[in-house]
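This report describes how a protein chain is packed, from its nonpolar cores to single residues of its backbone. The model under discussion is a predicted one.

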Amino acid sequence: MTWASYLVGVVVLAAAVAASSSATLVALGIVPLIPPAWLVGSLPPPLPSSDQDSDSASSNPPDAAAVAGDGDDRPSPSRRRLRPNRLYFGSTHHTRFVPRHHAFVYPVVYAGISLDSLPPSSDSATGGGAVDPSIPSWLFGHNRRALFALWDQDYLADPTRTPSSIRARLLSALLGFGISAEEVGEVELVTSPRFLGVAFNPLNTYYVFGPKDRSASLRAVLLEVNNTFGERHLYLCDMREQLPAARAGFHAAFKLKRSFHVSPFNNRTGFYEAQIANPGLVNRMDVLLVIKEYVSQREAPREGAADATEPLSAPAKHLMARVAGTAVPLNVLSLCHVLLVYPVTLLMTTTRIMIEAWKLAYVKKLPVYQRPSAVRVDSDHGRTIIRKPPDSFQRYCYQVFLEYFENRLSQLESPLTLTVRFPDGTVATRSSPSSDPSPTPPPSIALHLASTQLPLRFVTDGENLPRALAVGFARGDWSTSPADMAPFLRLALAAPSPSPPTAPQQVPAPVRLARRVYARAAPSLSFLTAAAASTSSTFPTVSGMTASAASTPAAPLWVASGILAVWAEESWFALITPFVVDPYAVARRLQRYWDEDGGIGVGRSGGQAGRTPPASTSITTAHGRMTKRASGDAEADDEETKSTGSAESDWVRLSEGEAPQGRNRGEASQAAVDDGSAAASHDLLLGEFPDDVDIEVRERRRFALFVGELREALL
């Protein structure tokens, strides 16, 4: 081997060592991810802007000659130059200010893709294509496997829906916010593409430019936020509603109400101050989010945390998150540069999230918030488009839940319809059989499930339904309108008289044993059982078996294993997670609330919850009054109002901050209804309180409402 061969080998080895060392330092966050000057210098100049953007970005004025020309000289839409695809080399910064200071900086690589440049026929059914004609499809593919890949199903709409392009989904989402397709020009998507088939994007940013030819004028910015639970939420930054002034270096600022759970160390109170830089005016992207007016709920660090400080009740800034990067052209050369120097960085997003979460929980000892249910009512600037999907056992619990109410409805002599709205937006309707051909629509009950927990509790706690319903309502897992609450509880719990009493459903031995393990540490809440059980029949029980599974010998073992898996998961998280309020100890807290109130619940009736309901109370007789109300019987309304009080009036007292019977005004004022969400809804739900109310106060209020409604339903 000649000396030349040795020299080439040494050079290659040195280059490999340098590349691997650089990649390691960048991946660890020791060295910032800075693009080389020869890549940055090859970018074309920014596009011209409108007068609006020129004023807001005086520090980066567009080329005056570019905007001084006559409008007739501009190319038509069919001939306009598309915004070039780019890579952004930058970093993400996070700083938590209270209750403990915590900060980190990590390098990131983002791709800025013009949605107009994506080939419309590039779909997975035909093998996909390339993101850019100048790049081989095996290097950066669109809807196909490649080293880097952009898949339409990763963005915006639920992937189970009819396949469509990202731009079509974006236009549909913008239309839901009141922005028509005529107002939308080119769109740049800034995202982290899949690398070796792996990607997790905490934030995707859609820069929606105006329809003017070659204009850098932003019409809106859509922020697509993903959390680690598989949920997805949109925040709209509408240029028509921007704040009067932006910070230095940014072009627009917005105020966005927080309505999505991202970090387990934050609740959903406060708002985001969003600062946006326009990548059409400068060759960089920059998004800054600051959480303000955050209301802490017992968030002081736990004992053992060094230099623990008490949290501010409403700090000026709670947390700051920023993503910024410098643009370089997207081409084969820049992609090879990423592969050579920064390959580890592209795979570290989820790992870094877990590392920082571990530091906050076990080093700085911050308590954890349980993931709340998705916000039911969408705001003008935000909506959840994908919720956490149920697993196979939870889907089975849905079937058990619906079959239980089918059986209850089948025992009614009067017509009644139950409509169940599941967390993912799907609706199931069940009706009682009726031979009455009356043209008047039958009375109906609308049940809203905010999470999968109520059907799950019907299986795991099906031999104590009052406890299952009380725990679920106190947690906020389900609700109805004020008028539907008592009828729903009658349907779920009351004796089906005058039908002959039926034998209780037989619970298979494995399921019964698993239920005992699951509920072994929970109080029975016997006062609810006494209030719900009729003297004329056996208390209703859910066997946990569907009609199709009842005949399968192995089904009871599968159901029992599902219950034990839920118990193991909850026990494990309760053991290792320092929750602000333990979400798995609701039943114990309900017993404590009852004991602290001296055995007197709070609600409309104001009587003792332990009273035994008369034998005449039944689903049929109770819904007879509903039938009269549906037909306009004023006498029935007057009679019920005099005897039990009005659900609507109690709801109004709550929403205005007044206490129902037995509570003081100060406590009720904490449970005032959030005007921003509840007032916009046409179906106000009982027990919907804003996120800034303390968790235990919320539980106590919901429990008080439940006890009062239980009396109304069964006494």
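## Nonpolar cores

The largest nonpolar core of this predicted model holds 67 residues, and those with the most contacts inside it are Leu469, Trp478 and Phe706. Helix H8, which spans residues 392-410, gives this core its largest share, namely 10 residues. A second core of 38 residues is separate from it and includes Val109, Tyr155, Leu170 and Leu174. In soluble globular proteins, nonpolar side chains tend to be buried together.

Which residues does Phe706 touch, once those up to four places away in sequence are not counted? They are Pro466, Leu469, Ala470, Phe473, Trp478, Met485, Leu489 and Leu528. Leu469 and Trp478 are thus among the residues that Phe706 touches, and they are also named, with Phe706, as having the most contacts inside the largest core.

## The chain as a whole

The protein chain has 21 helices and 19 strands, and buried residues make up 51% of its 715 residues. Of the contacts between residues at least 6 apart in sequence, 71% join residues that are at least 24 apart.

## Aromatic pairs and their cluster

The count of aromatic pairs comes to 21. One of them is formed by Phe401 and Phe458, an edge-to-face pair with a distance of 4.9 Å centre to centre and 75 degrees between the planes. Because Phe401 lies in helix H8 and Phe458 in helix H9 (residues 453-460), this pair ties together parts that are 57 residues apart in sequence. Phe401 counts as buried, at 0% relative accessibility, and Phe458 is buried as well, with a relative accessible area of 0%.

Phe458 also pairs with Phe405: the ring centres are 5.9 Å apart and the planes stand at 35 degrees, so this pair is tilted. Here again one residue, Phe405, lies in helix H8 and the other, Phe458, in helix H9, so the pair ties together parts that are 53 residues apart in sequence. Both Phe405 and Phe458 are buried. Ring pairs further link Phe401, Tyr404, Phe405, Phe458, Phe473, Trp478, Phe488 and Phe706 into a cluster; of these residues, Trp478 and Phe706 have already been met as members of the largest nonpolar core.

## Charges over rings

Two arginine residues are placed over aromatic rings. The charged end of Arg383 sits over the ring of Phe177, at 4.2 Å from its centre, while Arg371 lies over the face of Phe229, at 5.1 Å from the ring centre.

## Packing of helices H12 and H15

Two packed helices are described by the angle between their axes and the distance between the axes. The axes of H12 and helix H15 (residues 555-576) come within 8 Å and cross at roughly 10 degrees. Since angles under 35 degrees count as roughly parallel, H12 and H15 are therefore roughly parallel to each other. On the side of H12, the contact is made by Pro510, Val511, Ala514, Arg515, Val517 and Tyr518; on the side of H15, the residues involved include Pro556, Leu557, Ala560, Ile563, Val566 and Trp567.

Is Val566, a residue of helix H15, buried or exposed? At 12% relative accessibility, Val566 counts as buried, because buried means under 20% relative accessible area. Leaving aside neighbours within four places in sequence, Val566 is in contact with Phe393, Leu456 and Tyr518. Val566 and Thr460 are 106 residues apart in sequence, and their C-alpha atoms are 8.5 Å apart in space.

## Backbone details in three loops

A cis peptide bond, with omega about -5 degrees, joins Val98 and Pro99. Pro99 is found in the loop between strand E1 (86-96) and strand E2 (102-114).

Two leucine residues have a positive phi although neither is a glycine: Leu196, at about 55 degrees, and Leu525, also at about 55 degrees. Leu196 lies in the loop between strand E7 (194-195) and strand E8 (203-209), whereas Leu525 lies in the loop between helix H12 (509-518) and helix H13 (526-532). What is the relative accessibility of Leu196? The value is 51%, so Leu196 counts as exposed, whereas Leu525 is buried, with a relative accessible area of 0%.

Definitions and conventions
Residues numbered from 1 in each chain as written. Predicted model: local features only at pLDDT ≥ 70, side-chain atom pairs only at ≥ 80, totals over all residues. Heavy atoms only, no water. Core = buried A, V, L, I, M, F, W, Y, C linked by side-chain atoms within 4.5 Å. Buried < 20%, exposed > 50% of the residue type's maximum accessible area, 1.4 Å probe, protein only. Helix = DSSP H or I, 4+ residues; strand = E, 2+ residues; numbered from the N terminus. Contact = heavy atoms within 4.5 Å. Phe/Tyr/Trp six-rings, centres within 6.5 Å; stacked < 30°, edge-to-face > 60°. Lys NZ or Arg CZ within 6 Å of the ring centre and 35° of its normal. Axes fitted to C-alpha atoms, helices over the stretch in contact; angles between N-to-C directions. Parallel < 35°, antiparallel > 145°, perpendicular 65-115°, else oblique.
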